[in-house]
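Q: I am new to this structure and would like a close look at the places where its parts meet. Please go through them in one connected account.

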Number of protein chains: 2
Amino acid sequence: MSLKRSWVASANAADHPFPLNNLPYGVFSTGGGMPHCGVAIGDMILDVTTMEADGLLKLPQAPVFQAHSWNAFMALGPAAWADLRATLTGMLAEGSSTQQDIEPYLVAAADVQMHMPITVAEYTDFYAGRHHATNVGTMFRGAENALPPNWLHMPIGYNGRASSVVVSGTDIRRPWGQLKGPEDDKPRFAPSARFDIELEIGAIVGTPSAGPITVQEAFDNIFGYVLLNDWSARDIQAWEYQPLGPFQAKATATTISPWIVTAAALAPFRRDAPARDVALLDHLKDCGPMFYNITLDVRLTPQGEHPSTIASTNATELYYSAAQQLAHHTTAGGPMRVGDLLGSGTISGPEKHQRGSLLEMSWGGQEPITLTDGTTRSFIADGDTLALSGNADGDGFTVGFGPCVGTVLPALENPYTR
Amino acid sequence: MSLKRSWVASANAADHPFPLNNLPYGVFSTGGGMPHCGVAIGDMILDVTTMEADGLLKLPQAPVFQAHSWNAFMALGPAAWADLRATLTGMLAEGSSTQQDIEPYLVAAADVQMHMPITVAEYTDFYAGRHHATNVGTMFRGAENALPPNWLHMPIGYNGRASSVVVSGTDIRRPWGQLKGPEDDKPRFAPSARFDIELEIGAIVGTPSAGPITVQEAFDNIFGYVLLNDWSARDIQAWEYQPLGPFQAKATATTISPWIVTAAALAPFRRDAPARDVALLDHLKDCGPMFYNITLDVRLTPQGEHPSTIASTNATELYYSAAQQLAHHTTAGGPMRVGDLLGSGTISGPEKHQRGSLLEMSWGGQEPITLTDGTTRSFIADGDTLALSGNADGDGFTVGFGPCVGTVLPALENPYTR
């Protein structure tokens, strides 16, 4: 597939994340005004909230763009998703007869503030990166017992906290928590000293379900994808996670990129599943190319310094697709809703520079990484800005995710003295 | 404290769960109509949605009762909570001058259908029953390692699934799941054969918070309490829960009683914390009587048979209060919202007949219990109805929770053949 040319000239640059092939969906505001739904095209954003209000977009069960999220649109279902994408593609294509009608609805992306693109119904985080699970397992349980016995049979996951999901650009306050190191004789309450990132992709459920669904149905129910950084306090996690899993270690924040890259835009980049060591049970079996060829990078920028790229990997390193995770999520009969967010789990490749968390990069702090400014990191330092990026590269174009960024602020002096 | 008498005569019976001292809040409908907010008084329900519409109740930021939940009212905050309780108590008290105005708004409880009293924002389940944690730990890890090392230092919990919370009376479909017994060489996908209850109390957050809060603040933020049955598939749990905790084992359903018993109604039944084996860290320290003297029972009724009371215990058996759980929930900085639901964890007493789950009652299936019809149970059989009840007993009156009931239906023949 090659570049679709747009009359928005900036969208035609080979390395621009938002060509006509992409058309990601977000929520933006200008000058402190009310948030509107928008579609990114090159350096511009098409204000579909105002277009709908002015009668230039007709959607079933309108109005759908007058709330500050894409949830109402997602709830219209896959036929409406395809219709809008086709309509917008026609309107924005080079040679479109409607260019003059549409141009007034373009806003310069440089002038806007981005907001959460959806209201997150519930947030689930999985653990589907095999290299990540192997690395963490090796550190915690030794190489012999690295992968838990269930890991090759189903996508292990846990429920997270929707209230803690924030949009890219939100500052992240280093958390306090209960800590107890292996040498300590009792726990203490202190700021996390091992605060970390997790490089993930988030899948957004667009179609609800009321009982068990197949992998194919699950794939069709996913509206789109975002980059996702599941901030993790490793020292809180180590003390709390037995026997019921991570809780406050993951409660501080999860950052997502502001633009939903639709499943339709990513369709040309679908890839088959990795080889399976053991066959999956029937209800989880692969049934088509449901993984994505998306290159992923992590940059760390110390306060006032230049960025260092500290990891580069690819979403094809995942062992379970978002569709398999969503199907597994429904096996016990629980309902899934519009706006449910599923984190993929940390995506690491086999090499050291391909690891998606500092825990792995620094091997639990034993092998600190060196940045371009000469300083080293085992975990995040106060003032560090962490940025994820993701791109699916086509023939002369790229489908990009836009930024997934957060700066870590020092912990509060004492959260109980206010 | 003694009985407050009401002109609704049924409310004055010594064993009625809904005297004037209680005034629990729920959502009901009659004859298939729209759900309304209501307040239970004896055998009647006061329709506050219609009272508000007719101008008999004036609330700040009205209307608050025109949606089908108590969330908007909870969001008004503690002063409004106290005002409404005082207003309703005055209106319904024996000798009230407004009896004739109010009587038309009473609906017979026997004629209504109950609905979820709140929109659950997010659902968290804790593990704060010491006897339960000890029993389960002994079965899984041996008596030496029964309590996890962190258990006496903080309230261990995990995030559950708000979408799966249902109101009492909802049938529960036995789930399928991935199972692998210790003797099996590989997992299989099958209906759960070890489906269980968990006897709990749920706390409802009425005041939001944006960062760490103290135990006292947490106590004040809790609007009220419900009975809660966290249906649990023990065989799914055993295979999936390492290393990230329970997931599909808890995803089928969680049943709550339809009436929110307010913190105000339970105030006379507050009790001090149990003795602490080790001192809690400052931010979790006890700071007043925040436990409740509530007797709790579990009844099991096989299809077409009489009920057997299979467990009797008390909420004072909890080691951590809901306030301590909520405070711990905020330590890492994540926001809490109006409508968040916190399960206490299974409440078991020290004796065999005081155990709040079949897993414990039957000691993992090794010691089946015998019902009044002569049949035995290790776990739930299809057609069984499980009912929790709870009462705080005063001097000549009781503050009751009303029913928390569910009937278990057979598993679907095959959830993937539809």
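Into which domains is chain A divided, and what lies at the interfaces?

A: The model described here is predicted. Chain A is divided into domain 1, which covers 9-115, and domain 2, which covers 123-409. Taken over C-alpha atoms, the centres of domain 1 of chain A and domain 2 of chain A are separated by 28 Å.

The interface within chain A comes first. Here 25 residues of domain 1 of chain A are in contact with 25 residues of domain 2 of chain A. The two domains bury about 1,900 Å² between them, and 71% of that area is on carbon and sulfur atoms. On the side of domain 1 of chain A, the residues that lose the most area to domain 2 of chain A are Tyr25(A), Met74(A) and Trp81(A), which together give 29% of what that side buries.

As for polar links, the rule finds zero salt bridges across this interface of domain 1 and domain 2 of chain A. It does find three residue pairs in polar contact there, both residues being at pLDDT 80 or more. Several elements of chain A each supply at least two residues of the side of domain 1 that touches domain 2: strand E1 (25-30), strand E2 (36-41), helix H2 (71-74), helix H3 (78-92) and strand E5 (112-115). By class, that side of domain 1 of chain A has 16 nonpolar, seven polar and two charged residues.

The next interface is the one between the chains. In this case 58 residues of chain B are in contact with 58 residues of chain A. The area buried between chain B and chain A is about 5,600 Å², with carbon and sulfur atoms giving 58% of it. In chain B, Arg161(B), Leu244(B) and Phe247(B) lose the most area to chain A, and together they make up 15% of what that side buries.

Across the interface of chain B and chain A the rule finds four salt bridges. In a salt bridge between Glu122(A) and Arg161(B), the side chains meet at 3.7 Å, N to O. Arg161(B) is thus named twice, once for the area lost to chain A and once for this salt bridge. There are also 25 residue pairs in polar contact between chain B and chain A, both at pLDDT 80 or more.

The elements of chain B that each supply at least two residues of the side touching chain A are strands E6 (123-126), E7 (157-159), E10 (176-179) and E11 (188-191), with helices H7 (234-240) and H9 (322-329). The residues of that side of chain B divide into 29 nonpolar, 20 polar and nine charged.

Note on methods
Residues are numbered from 1 along each chain as its sequence is written. Chains are lettered from A and ligands numbered from 1 in the order in which they are written. This is a predicted model: local features need pLDDT of at least 70, side-chain atom pairs count only at pLDDT 80 or more; totals for chains, interfaces and linings use all residues. Side-chain values use heavy atoms; hydrogens and water are left out. Domain bounds come from an automatic or database domain assignment. Contact means heavy atoms within 4.5 Å. Buried area is the accessible area (1.4 Å probe) that two parts lose on being put together, summed over both. A polar contact is a pair of N or O atoms within 3.5 Å; within protein, one must be able to donate a hydrogen and the other to accept it, and residues adjacent in sequence count only if both atoms are side-chain atoms. Helices (H or I, at least four residues) and strands (E, at least two) are DSSP runs, numbered from the N terminus. Ala, Val, Leu, Ile, Met, Phe, Trp, Tyr, Cys and Pro count as nonpolar, Asp, Glu, Lys and Arg as charged, and the others, Gly among them, as polar.
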